[in-house]
Each structure stands twice: as structure tokens, then as C-alpha cells.
Amino acid sequence: MSRKAVLVTGAAGEIGQALVQGLAQTGDYEIITSDLMPLPESVRPLTAEHVQGDLVYRVKQFYDYDFDIIFHLAASLSSKAEVATEEAHRINVEGTMQLLMLAAFKSERYDKEVKFLFPSSIAAYGFPDLAAKLAAGRVREDEWNWPHTMYGCNKLYCEKLGMYYSLYHGQKHLNPNPPRMLDFRAIRFPGLVSAYTMPSGGTSDYGPEMLHAAARGEPYACFVRPDTKISFMAMPDAIKALLMLMNARRERLTRMIYNIDAFSLTAAEFRERAMRAFPGAEITFDPNPRRQGIVDSWPEDVDDAAARADWDWRPDFDIDRFFEEYFLPEIRRRYEK
Ligand code: AKB
């Protein structure tokens, strides 16, 4: 069986590196990557080609390739996007639009539904104030879609663009014999934590930053209050979810945008777990009002019933398994070296 051609943008980022490894393990894909940065040596041998540069200007180059699947991960994350809003809009929206146009063109031209996998975010939600967040509890996909950040607005809008290109582009669905349209699928990710890589530019970064600092024996001042609570997930579960959604049968999917959930915890609980594992750790709290405001607008927890029903989503790592079976053994091994 010939291998499917997959494009992974943002491949040098946290999700990108882990996804390339996950795809490569299956042996079923020819992996082409792109990123502003060179690919780290740990993943370079797993790919057929890496295109380095700004996606918005590089996308034309990809019209020569025959992709079956596109994972569009390149993005400017929430904290960074808030200080460079115009640039974030260009990267997050223009980059996505260019790739959607490419996928739409390929789908129609070659009469195949190019799959377009998009990592959206809990940043697509937005509560007017903390009281509303606490009262809401677990939110469903169509609730509270009022993001407070440029990044959240970009993600929500790109979800809509993906749906448009999948269903209505050029109003072609009204043709008697409509052409093939691309197959858009998105996951709203919570904060992700990897034992191998560090996030940069996000606002959920306090979780992984705190744990990595504690493991390295460095002091850490957490930029949100101890009571701040949002959902988090182990990176291997995030990759599992992307691969599961990629493989899900289209007839089973009742929506294009899915929440997924693993565990929620407060910053104080993160600290408690870090102190238990690394008793000498120095972790203090020094909230930054802007970053605090962003996390206060995100849900404490999300309802992932649709993902569970439609494509059998279940995380492997709840909070205990995350610490005991994934993060702590891996990070100890890493920093002991
Ligand atoms: C961020 O903090 O911006 C991201 C996210 C939650 O999408 N990690």
C-alpha cells in the first residue's frame, strides 16, 4: 500500500515534534514539514522534507505536492499574540486561510477529500468575569464562544473558515453535482504538558514551566494566582487524539469541532504535586494581571461527550497517571542525564 502524504506545519513546535514522532511510528506516512525554524535533529530523520520559512509566503510551494492530510499546527500562542496582535493575526489567520485554499483546490482538482486537522484551543472560550467561569463548570463546544484574546479570536474564526471551506466554499454545495470539498476536523486543546519540550508564548505555560523548573532545581515564580484552574493534558494524549480524529470515519462525526478533556487542576495543586516530587523546589506566586485575566476567561473544565461518542476518545492519563506514569519518570530520566 502506498504511503499517504502528510504535511505538518509548525513541526518544530511542541505538538509538531511529538506528532511527527507519532506519525512516523505508524510507518504509514510520508511526512513533509514546515516551520520558521529548522527541524530539531531528533525528528529530522523521520521526515521526507522540511520547508523552512514563513508559511504565508511559502504556501505556494506546496501546490506542487499531493497531500492527503494536512496538520496545520503553526500558530502564535495567546500571551505572545497579545503583545504582537497584527503579526499574530497574520500568522494565525492568513496562514490558515492560505492552507485551507490549498486543501480546497487539491480536493476539487484531484477529486479527493483532503483531511485538514486543526488544533483549536480552550482560548476560543471567554467568560465575562470569574464568577461566570466558576458558575459554568464544564462547558460544551457551542457555549461561551466569546474569546478575550487575539489568539482565541483567531482560533474561533479559523474554525469557522474550516467549516466554510468544507461545506459552502463558492456555494458549490448548491451545484447538482458538487465537487469534493476538504474534510476539516478540529480539536480544542487544553493546556498541554510534555516531559521533553517546553512551551513558549502561551498562557497555560505556567503548568509546564513550574514542573520543569522544579525538576531542574530552579526557582519559579508562577504568573497566576494559586486558585487558578483550567484543564491540562499530557502531550501523548494530545497526539493520540489527533491521530484518532484523523482516522475517525466521517459518517460517525456529528460535528467538526471537538472538546477533549483529561484533568483539571489549580496552580496550587500543580505546586503541591511538584513539591511532593521535588521537595526542595522553590515555587512562589507572582500573578501578572494580564496573563491572569486571560486564564480567568478560560473554562475550568470542558465537556468532551461528543468526542467520546463520535470517535471513542478516552485519555490514557488522568491526573495521577500523568504524574506517576508519564511526567515524573520521564523528566527524572531527562534531567538526571
Ligand atoms: C496557550 O496558552 O496559548 C495555549 C493554549 C491553551 O491554546 N497553550
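## A tour of the ligand and two pockets

Select Ser 78 and the ligand: a polar side-chain atom of Ser 78 lies 2.5 Å from an oxygen atom of the ligand. Keep in mind that this is a predicted model.

Now add Ser 121. One of its polar side-chain atoms lies 2.6 Å from an oxygen atom of the ligand. Then add Tyr 151. Here a polar side-chain atom is 2.7 Å from a ligand oxygen atom. How much of the ligand does the protein bury? Taken alone, the ligand exposes 260 Å², and the protein buries 92% of that.

**The shell**

Show the residues around the ligand. Ser 78, Ser 121 and Tyr 151 are among them. Add Leu 77, Ile 122 and Trp 298, which also belong to the surroundings. Finish with Gly 202, Thr 203 and Ser 204. Colour this shell by class: you get 4 nonpolar residues, 5 polar ones and no charged ones.

**The largest pocket**

Hide the ligand and look at the space it takes. That space is the largest pocket. About 1100 Å³ of space lies in this pocket. Its lining has 48 residues. Which of them are closest to the centre? Select Gly 13, Leu 73, Ala 75, Leu 77 and Ser 200 to see them. You have met Leu 77 already, in the shell around the ligand.

Next, switch to a cartoon view. These elements each give two or more residues to the lining of the largest pocket:

- helices H1 (14-26), H2 (55-58), H3 (78-83), H4 (85-109) and H6 (150-167)
- strands S2 (29-35), S5 (115-121) and S8 (191-193)

Colour the lining by class. It divides into 21 nonpolar, 19 polar and 8 charged residues. The ligand shell, remember, has no charged residues.

**The second largest pocket**

Move on to the second largest pocket. Its volume is about 330 Å³. It is lined by 14 residues. Select Gln 17, Ala 18, Gln 21, Tyr 196 and Met 235, which lie nearest its centre. Two elements to highlight are H1 and helix H8 (235-247): each gives two or more residues to this lining. Which element gives the largest share? Select H1, which provides 6 residues. H1 also gives residues to the lining of the largest pocket.

Colour by class one last time. This lining has 6 nonpolar, 7 polar and 1 charged residues.

**Last stop**

Bring the ligand back and show Ser 78, Ser 121 and Tyr 151 together. Each has a polar side-chain atom beside a ligand oxygen atom, at 2.5 Å for Ser 78, 2.6 Å for Ser 121 and 2.7 Å for Tyr 151.

Definitions and conventions: Residues numbered from 1 in each chain as written. Predicted model: local features only at pLDDT ≥ 70, side-chain atom pairs only at ≥ 80, totals over all residues. Heavy atoms only, no water. Near = heavy atom within 4 Å. Polar contact = N/O pair within 3.5 Å; in protein donor to acceptor, adjacent residues only side chain to side chain. Areas by Shrake-Rupley, 256 points an atom, 1.4 Å probe, with all protein chains shown as cover. 1 Å grid on protein atoms, 1.4 Å probe; cavity = no way out; pocket = protein on both sides within 12 Å on 5 of 7 lines; lining within 4 Å. Sits in = over half its atoms within 2 Å of the grid points. Nonpolar A, V, L, I, M, F, W, Y, C, P; charged D, E, K, R; others polar. Points joined across faces, edges and corners; volume = space filled by probe spheres on them. Helix = DSSP H or I, 4+ residues; strand = E, 2+ residues; numbered from the N terminus.
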